[in-house]
Amino acid sequence: MTTHNADDQAVTSASWLSALRAAVVFVLLCGGLYPLLITGVGGLLFPHESTGSLITADGQPVGSELVGQPFSAPEYFHGRPSAAGYDPTAVGGSNWAPSNPDLRARAKEDSQAIQEHEGIGSDRIPVDLIAASGSGIDPHISPEAARIQAPRIAQARDMPVNQVEALIERQVQGPTWGIFGQPRVNVLKINLALDGKDWRK
Amino acid sequence: MNEVIIIYALTLLLAWPLGRYIAGVYSGETGMGGRVFLPVENGLYSLCGIDPGQPMTWQGYGRALLKFHLMLGLLIFGLLMAQGLLFLNPDGIGGMSWDLSLHTAVSFLTNTNQQHYSGQASLSYLAHTFGIVTLQVVTPAAGMATLFAILRTIFGGRDARTGGSPEARVSVGNFYQDLTRAIVRVMLPLAAVAALLLASQGVPSTYEGAQTVQPLDSNVAMEQQEIPVGPVAPMVAIKQLGTNGGGWYGANSAVPLENPTPLSNLVETVSIVLIPAALVFALGFFTGRRRLAQVVMGVMVVMSVGLASVAIWQENMPNAAFSSLAAEGPNLEGKEVRFGATATALWGSWTTQTSNGSVNGMHDSFNPIGGMVPIMDMFINVIFGGVGVGLIGFLLFLLLAAFLGSLMIGRAPEIAGKPLETREIKLVCIALLLQPLLILGFSAVTLAFPGLTGNSNPGYHGISQVIYEYTSAFANNGSGFEGLNDNSIWWNITCAVNLILGRFIPMLAPLAIAASLASKRTAPEGRGSLSLDTGTFGLMTLAVIVMFTLLSFMPVLILGPIAEAMATIH
């Protein structure tokens, strides 16, 4: 292997045929074997998580821990605005810029609806309740966004407000290890708890 | 704030040993798993009919790389068009149009992962794994291979054959050996670990079809909710690690199925910068020039922290559209509650500093100056940069800085003891100037015919959307101001042109420069030569990068994000 025959040898090694063979081999290795192996091991180790983290109540699949659902009835906690209508096959955000008049118009409508439903001024509305999520299926709201809904839910369900408030505090998930992520409430889980449904993974 | 500092520290701490390991892999050390991996590699070589010991000239290396990519591209282009007729398609998804297939194949072949479609609805499991995942493993490996070919040629690593031979006879290594080592010893093992971590957090890993559930609130119009799943975890892991960025779901890692928890977000964020940062450390170990690696890392970290701070500060400011409609808070439009503004702004910065392009929030809805940061990151494109190609791009700026610096102190320009002459500087200029030429040229044409743009936002932000798309294509990034209606023949074809030129010219021109330098007589580095491994030279390189970027792109930044920011201040 000397410097002088480098050029001749390069021709054979860089032939079209070896390029094609290498392409096929790496498609099978990286696109076939690798995902197959990981998917197999993942499914074995994490059977609940690997198929979409579904939760069931009374034997029926009622949703996924990870996927938000639309709620509009007054006896439920409501989630965030969604540009995808909470359809996981159409995920996405509004993609409207702060300078876009459509964004202002939508936020105004949402803000007024919340002021009416919850009987509070706009200065008490947590911003996540009028901002559409990036995925369109955000399963969470901020703890404050849950708290402002407590009086309405208590009234609709004819139960004491402090009971709803206590439920919220039990459902608040803090940042992981006190550092990573934001405090939040899973809307589907807290609504299942409100219904007294015994859900399981 | 603590979150950001910890993520930076953790990433660099992990990158250091990984860099050492990768340098070992390319120095041919058999330790550290070599005994396990070597038989696998030898098996692959014989399957492909390749002799890994054959040296290649830079032209031979480039030809092997291009032929291999062309074959892969043709296979996967065909797969995308025919996926509707093939197996592993439980949700019955049809084939793609020719122009969308072309754009998608080119986009993944160039390590860009710009997506003009929504993955969960447009790709079968077969296309997702055999097509997309393959390219997500192979293309960063090709970047890494080329980087080490260049390093060993310029700085004289193990395989370099230097010493006054004509450029056409300088061996730069063997492409298939460099490629296979990156795939077998680096990409696949790391991806396997990350994929299992993600699966534990709830990223789906199954070949079953979509799940269907009945929503709880009977008051709403939705009767059934269809939840697409699939072998998502292995794809998301390599998408993050290989500066790929193309996700399973349309809204990428904002989607809770692709990024379920703050812990999965931590794993995915660290994975964005891990390998590009490790390669900078590997530069030091591989060439024995540790101080040069420190200088390069210093310049990259300064740019990274500076720009990320602007994005984090801006996204923690209120969205102008919400003023007086809600309590004051950060800009949460297009962001997820579990991550919040800070983690999303950090991700948005890193994903564009590395040519990754995945997102965990929508950049289109960032505040104007917050959204300018990703664009600036992609203009620069060498703050960490793509796997392999980021450092290759940085070396171009290093050459330019060495050239200018030498002239400033009145020396004949040289690098590592080799004279920098007309041929090298011409190639540097071609590789660098192609970027503003293509991005600004295509943007100007597209904006001149408003029917072509497909904007979702009016005014200045519409300009930003077009600039973002071409910048992202040329930078091989793949993120977007995603409101843009970009699945048209115009966008698919023009982006494909940018993708190919933006990938292969900045990769192969430096390889030619390296071979050209290696063919020259080495003058011993003495007191008179410019030393690359000092803080002063680092500052010089930083200044060259900043000035080059601002001179090329300042006017267009003013027309887009800066004008938008001024207009939203009341």
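Begin in chain B of this predicted model by selecting helix 2 and helix 7, which are oblique to each other. The classification follows from the crossing angle, because angles of 65 to 115 degrees would count as roughly perpendicular and those over 145 as roughly antiparallel. Here helix 2 (residues 34-48) of chain B and helix 7 (residues 175-201) of chain B pack at about 130°, and their axes are 10 Å apart. Viewed along the contact, the crossing of helix 2 of chain B and helix 7 of chain B is right-handed.

Next, display the side chains at this contact. From helix 2 of chain B, select Gly34(B), Phe37(B), Leu38(B), Val40(B), Glu41(B), Leu44(B) and Tyr45(B). From helix 7 of chain B, add Tyr176(B), Gln177(B), Thr180(B), Arg181(B), Val184(B), Arg185(B) and Pro189(B). Coloured by residue class, the contact of helix 2 of chain B with helix 7 of chain B shows 8 nonpolar, 3 polar and 3 charged residues.

Now move to chain A and select its open sheet of 3 strands, where the order is 2-1-5 and the pairing is antiparallel. Strand 2 (60-64) and strand 5 (199-200) of chain A stand at the edges; each has a single partner strand, so one side of each lacks a neighbour in the sheet.

Centre the view on strand 1 (residues 54-57) of chain A, which is joined to strand 5 of chain A by 2 bridges, the two strands running antiparallel. To locate this pairing, pick Ala57(A), whose bridge partner in strand 5 of chain A is Trp199(A).

Turn then to the pairing of strand 1 with strand 2 of chain A, where 4 bridges join the antiparallel strands. A useful pair to label is Ile55(A) and Gly63(A), the latter in strand 2 of chain A, which stand opposite each other. Following the chain from strand 1 to strand 2 of chain A leads through a hairpin with 2 residues between the strands. Select Asp58(A) in that turn, where phi is positive, at about 50°.

With the sheet still displayed, add helix 8 (residues 187-194) of chain A, which lies across strand 1, strand 2 and strand 5 of chain A. Relative to strand 2 of chain A, helix 8 of chain A runs at about 140°.

The last stop is helix 4 (residues 101-118) of chain A, which contains both Asp110(A) and Arg106(A), 4 residues apart, or about one turn of the helix. Their side chains meet in a salt bridge, with an N to O distance of 3.8 Å. Over all chains, the whole structure holds 16 salt bridges.

Key. Residues are numbered from 1 along each chain as its sequence is written. Chains are lettered from A and ligands numbered from 1 in the order in which they are written. This is a predicted model: local features need pLDDT of at least 70, side-chain atom pairs count only at pLDDT 80 or more; totals for chains, interfaces and linings use all residues. Side-chain values use heavy atoms; hydrogens and water are left out. Axes are lines fitted to C-alpha atoms, for helices over the stretch in contact, and angles run from 0 to 180 degrees between N-to-C directions. Angles under 35 degrees count as roughly parallel, over 145 as roughly antiparallel, 65 to 115 as roughly perpendicular and the rest as oblique. A crossing is left-handed if the near helix is turned anticlockwise from the far one by less than a right angle, and right-handed if clockwise. Contact means heavy atoms within 4.5 Å. Ala, Val, Leu, Ile, Met, Phe, Trp, Tyr, Cys and Pro count as nonpolar, Asp, Glu, Lys and Arg as charged, and the others, Gly among them, as polar. Two strands pair if DSSP finds at least two bridges between them. A salt bridge is a side-chain nitrogen of Lys or Arg within 4 Å of a carboxyl oxygen of Asp or Glu.
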